[in-house]
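Grab a pencil and work through the exercises below at your own pace. Try each task before you read its solution.

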Amino acid sequence: MCVEASQGITTLLIRDCQRGDADTYTINVRNSAGSKDCKFQLKVVGKPGICTGPITFDEITADAITLEWGPPKDDGGAEVSNYIVEKRRTTDNKWTTVASAIQKTTMRVIRLHDGIEYIFRVFAENKYGVGEHLRVSAVNSEGIGEPAEVEKVTELVDQEMLPDFELDAELRRTLVVRVRASIRMFVPIKGRPVPEVTWSKDDTNLKTRAHIDNTESYTLLVIPDCTRYDAGKYHLSLENVAGKKTGFVNVKVLDTPGPPVNLKPREITKNSITLQWEIPIIDGGSKIRNYIIEKRAATKKAYTVLSTTWQKCSFKIPDLKEGAYYYFRVSAENDLGVGEPAETPEPIRVSQAPSAPENLYVTDVTSDSASLAWTKPLHDGGSLITGYVIEAQKKDTDQWVHVATIKALDYTVTDLIEGAEYTFRIMAVNASGRSDPRESRPAVIKEQTSAPSFDLRGVYQKTIIAKAGDRLKVEIPVLGKPRPVVSWKKGDTVLKETQRLNIETTPTSTILNINEIKKKDGGQYSMTGKNMLGAMTETITILVHDIPGPPTGPIKLEEISCDYVLMSWDPPENDGGVPINNYIVEMRETTALVVGNLFKSTGLIDGIAYEHRVIAENMAGLSKASKPSEPMYALDPVDPPGRPVALNITRHEVTLSWTKPEGDGGFSITGYTVERREMPNGRWLKANFNNILETIYTVSGLTEDATYEFRVFARNSAGAVSAPSQSSEAILCRDDIEEPRLDVDASYSSTVVVMAGEVFKLEASVTGRPIPSLVWTKEGKELEDTAKIEIKTSEFHTTLTNKDSLRRDGGAFTLIASNPGGFAKFIYNVKVLDRPGPPNSLTVTDVTAEKCPDHDGGSRITGYIVEMQGKGSEKWTQVMVVKSNEAHVTGLTQGEEYTFRISAINEKGVSDPRPLNVPVVAKDLVISPTFKLLFSTFSVLAGDDLKIDVPYAAHPKATATWLKDGVALKETTRVNADATDKNLLLVIKEACKDDVGTYTVKLTNTAGEASTDISVILPEILVTDQENQKLSL
């Protein structure tokens, strides 16, 4: 024991604490200001002490003895819960337990063997443990007490053996059994005397569920035709006087899962419900793969499947009918199939918070109160209104004060301040929450009076029209303070109230109710309101319209023919208070007499709905008619659609396409329904929840690596549904890569020719997996959807439409389809025919126009018109028409200035003219020599002829001189030089290595001179490096 102290803390440390350390401890703290004591009680708990001895015995017989001992003096700080008694033969060192749950300090030991000598010992036990061994002792959770031994007793006692059993390897592990098989647990047992065998399971009465067979050497439990509820832990207990042994066997039953737990709505709106649930307690021995969610309207018996692949424990059901009641159920699915469903016990109503109450009025004001009245909301949110919340706001404050929550439609707010101005508001409450508030007009709190009056603004011309048989409710707002007393009259007679006709009074109005109104209820109704300030009477008129009586008969047949009858009748005596609009004439053919209970009705008219009923007849007469059959249209059947074909397959989606039915039953096809079935044994499930208008549809939500087949139904505008199409081929849901392919009409292989101003369309179909992306380009630039170029692209088709075509819209359009498998492209050539454009770059070289138009208008240029205009003249004169792109104009006056222009011609017309940029003066041209070489190096193979063409310009004509490597070139039969007005030509026949070198050509005229160098090489000439044996060019 030691004491440790630090700043503000002191610690008493007792190591190896013993029972004797239990005591009261005092801490004394003192300083110059005084001292303080604190006491605390230390309690040390542990195992009980040694039982008080010696053990005494009594009532000794040949096979039994009674032992008695005293309790331990030290109980270890806890009550002794039981005693353990052990025995052994004097000839044996092995102790065996006689009993382990003895509550008293005495015990009768039986089944001893005559003539055998025994030694006994006793242990005490509390909640802290058991005493130490080899002595009679008390034991508890803190340790073992000291034993109290007994003297040797010689008795004849029976031989005993502790119960024991051994589970085989299969039972030691989890026993796995398929549903509807038998659970069989065979366990060998031993023990003397024969132990009592007990099988148990927490949630099952095994006596009624299982067959249990017990013998001296084994116990057998058999459960035939097991279910998922037989899974769990089975406890086995063996017990005799020698002791007890327990064990257990875990059993797993492979089955479909049990129902999900705690299915309930999590959120409810006016058109949707979100469900939530917990995973099933019993998973059937395998992982839950997904859930199947279904719904049904409370008025129907059949469930509709919402989802079969949902994997979460919550699901939102949209598009529900507001105010309707629905049942929902959820089933879990594992590898063995779909389990039992969990169903909502009560129907769930689709609702939301209500709309605001209507017409909040301050009906009365006193010096300290205000009476409010309102009408129910127009919309209750789909759920019952449970009450109304009233709040008030005093003028010049921003705070709304809660007044009351009530269920009535009126309320008087009290304890208000006289002279103050208040605004009130009210909110309706239902199961989904509060509505928006409805505010009243501001009201000043003071005593007010006014004469009676009625607000007839809601009654047009003080006249109300009702249909006979309807329920009439006339509500007239009543004004006046104090609140007037209202009385009603019909004509001059006080209105007598009955169960059918009565008056209802509210704080703000008077209401006339007439149930099943009749013709006689029409007339003048007056209401009179009276209070202390006077009286006021108003009158309204009620008109009752009824159906007319039957036409006055009998019907007169005026004229009869083989194909018509002319008949007449008199008007009804009673027109119902409304002029007769028209008459309806009905015709019935003679009834057919049928023997037997089968009849074919023929001669029906296509598209007409028919009902049939049957009357039985015997000698006594005719029976009552049967109920009419359901109305049925006389319609031709709809042929089934074509067999669906997979256009695209991924791991979770399949895109299908099919052909329209050959026969539509006489009415247009309005939609399709697609069903899917998981192979090999799945059931057919609806794959679409919206109407399918096209013959292509993508089915989503599929399981990867699962195999499916699909079928399609067609429906026409008359409501007839076809038989299902032929099922598709088995489709494996797996990502597949297929190189894109473009399917282009053969007409696009040649150039597409259109006239200017017209529309041209380019289109193609595409295949590939995954679905390829499509891009249109022109001249390397990607095209986009604009007002002029319209691009429409679906998953397997694309169209490019060019509107109001111009010449520049022609050219090469490229369509590229690409996916991970590769790409494909197709080039469309488009030519737009138009008038040609003006010639380009008109120049004068010796009065010669060069270059063709930029655009030929999509048609070959057939010629050019050359026109000229003299200086100071506004008239253009046609000079000539030529077919080439040059013209030589003669007959000009030397020194005069001229302007020229050129127009191109094709089969579509004449282009706009292109003028010469600057005027030209007619005089001899002087041009210094210039070369127009495109390149300065020429290459020729040895033995081939070499031709060097050098374009040039010069005026007057220049003289040409050729040099090779600075030496004048000598012409021979192999080397020849020639010259024209525009070109120089050097020809070298059968070129050899001697012809390699630099050639210089010089041009000279009166305007000057020019020269240029040209290199000639022979690629076959190689130089050998003797040392490295390498060849270099």
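Before we start, one definition: strands here are DSSP runs of E with at least two residues, and they are numbered from the N terminus. Also keep in mind that this is a predicted model.

**Exercise 1. Get an overview of the protein chain.**

Task: find how many helices and strands the protein chain has, and what share of its residues counts as buried.

Solution. Start with the elements: the protein chain has two helices and 88 strands. Next, look at burial: 36% of the 1033 residues count as buried. Then turn to the outside, where the accessible surface comes to about 62300 Å², with 49% of that belonging to carbon and sulfur atoms. Last, take the contacts with a separation of 6 or more: 61% of them are between residues 24 or more positions apart.

**Exercise 2. Place Asp230.**

Task: decide where Asp230 is found, and whether Asp230 is buried or exposed.

Solution. Step one is the position: Asp230 sits in the loop between β21 (218–223) and β22 (232–240). Step two is the accessibility, which is 4% for Asp230. Buried means under 20%, so Asp230 counts as buried. Step three is the list of neighbours: leaving out residues up to four places away in sequence, Asp230 touches Ile183, Lys201, Arg209, Ile223, Val251 and Val253. Lys201 is worth a second look, as Lys201 also lies over the face of Tyr234, 5.7 Å from the ring centre.

**Exercise 3. Move along to Leu238.**

Task: name the strand that holds Leu238, and say how many residues along the chain separate Leu238 from Thr198.

Solution. Leu238 belongs to strand β22. With a relative accessible area of 0%, Leu238 is buried. Now for the partner: Leu238 and Thr198 are 40 residues apart along the chain, and their C-alpha atoms are separated by 6.6 Å. Residues up to four places away in sequence aside, Leu238 touches several others, among them Pro163, Phe165, Ile189, Val197 and Lys244.

**Exercise 4. Classify an aromatic pair.**

Task: work out whether the pair of Tyr422 and Phe424 is stacked or edge-to-face.

Solution. A pair of aromatic rings is described by the distance of the centres and the angle of the planes. The whole structure has 16 aromatic pairs. In the one formed by Tyr422 and Phe424, the rings are 6.2 Å apart centre to centre, with 20° between the planes. Planes under 30 degrees apart count as stacked, so this pair of Tyr422 and Phe424 is stacked. Check the burial too: Tyr422 is buried with a relative accessible area of 8%, and Phe424 counts as buried at 0%.

Two more ring features are good to look up. Tyr748, Trp776, Phe826 and Tyr828 form one aromatic cluster. Elsewhere, Arg121 lies over the face of Trp95, 4.0 Å from the ring centre.

**Exercise 5. Line a pocket.**

Task: find which residues lie nearest the centre of the second largest pocket, and which strands each supply at least two residues of its lining.

Solution. Rolling a probe the size of a water molecule over the atoms shows where empty space is left. The second largest pocket has a volume of about 1200 Å³. Its lining has 40 residues, and Tyr361, Val362, Thr363, Ala373 and Thr508 lie nearest the centre. For the strands, those that each supply at least two lining residues include β32 (358–365), β33 (370–375), β43 (472–481) and β47 (509–514).

**Exercise 6. Hunt for unusual backbone.**

Task: locate the cis peptide bond that joins Met679 and Pro680, and find phi of Gln461 and of Lys462.

Solution. Most residues other than glycine have a negative phi, and most peptide bonds are trans. Begin with the bond between Met679 and Pro680, which is cis with omega about 10°. Pro680 is in the loop between β58 (669–678) and β59 (685–686). A further cis bond runs from His955 to Pro956, with omega near 0°, and Pro956 is in the loop between β80 (946–955) and β81 (959–964).

Now for phi. Gln461 has a positive value near 50°, and Lys462 has a positive value near 55°. Gln461 is in the loop between β41 (450–454) and β42 (463–467), and Lys462 is found in the loop between β41 and β42 as well. Finally, Gln461 counts as exposed at 60% relative accessibility, while Lys462 counts as partly exposed at 37%.

Notes. Residues numbered from 1 in each chain as written. Predicted model: local features only at pLDDT ≥ 70, side-chain atom pairs only at ≥ 80, totals over all residues. Heavy atoms only, no water. Phe/Tyr/Trp six-rings, centres within 6.5 Å; stacked < 30°, edge-to-face > 60°. Buried < 20%, exposed > 50% of the residue type's maximum accessible area, 1.4 Å probe, protein only. Lys NZ or Arg CZ within 6 Å of the ring centre and 35° of its normal. Helix = DSSP H or I, 4+ residues; strand = E, 2+ residues; numbered from the N terminus. Contact = heavy atoms within 4.5 Å. Areas by Shrake-Rupley, 256 points an atom, 1.4 Å probe, with all protein chains shown as cover. 1 Å grid on protein atoms, 1.4 Å probe; cavity = no way out; pocket = protein on both sides within 12 Å on 5 of 7 lines; lining within 4 Å. Points joined across faces, edges and corners; volume = space filled by probe spheres on them.
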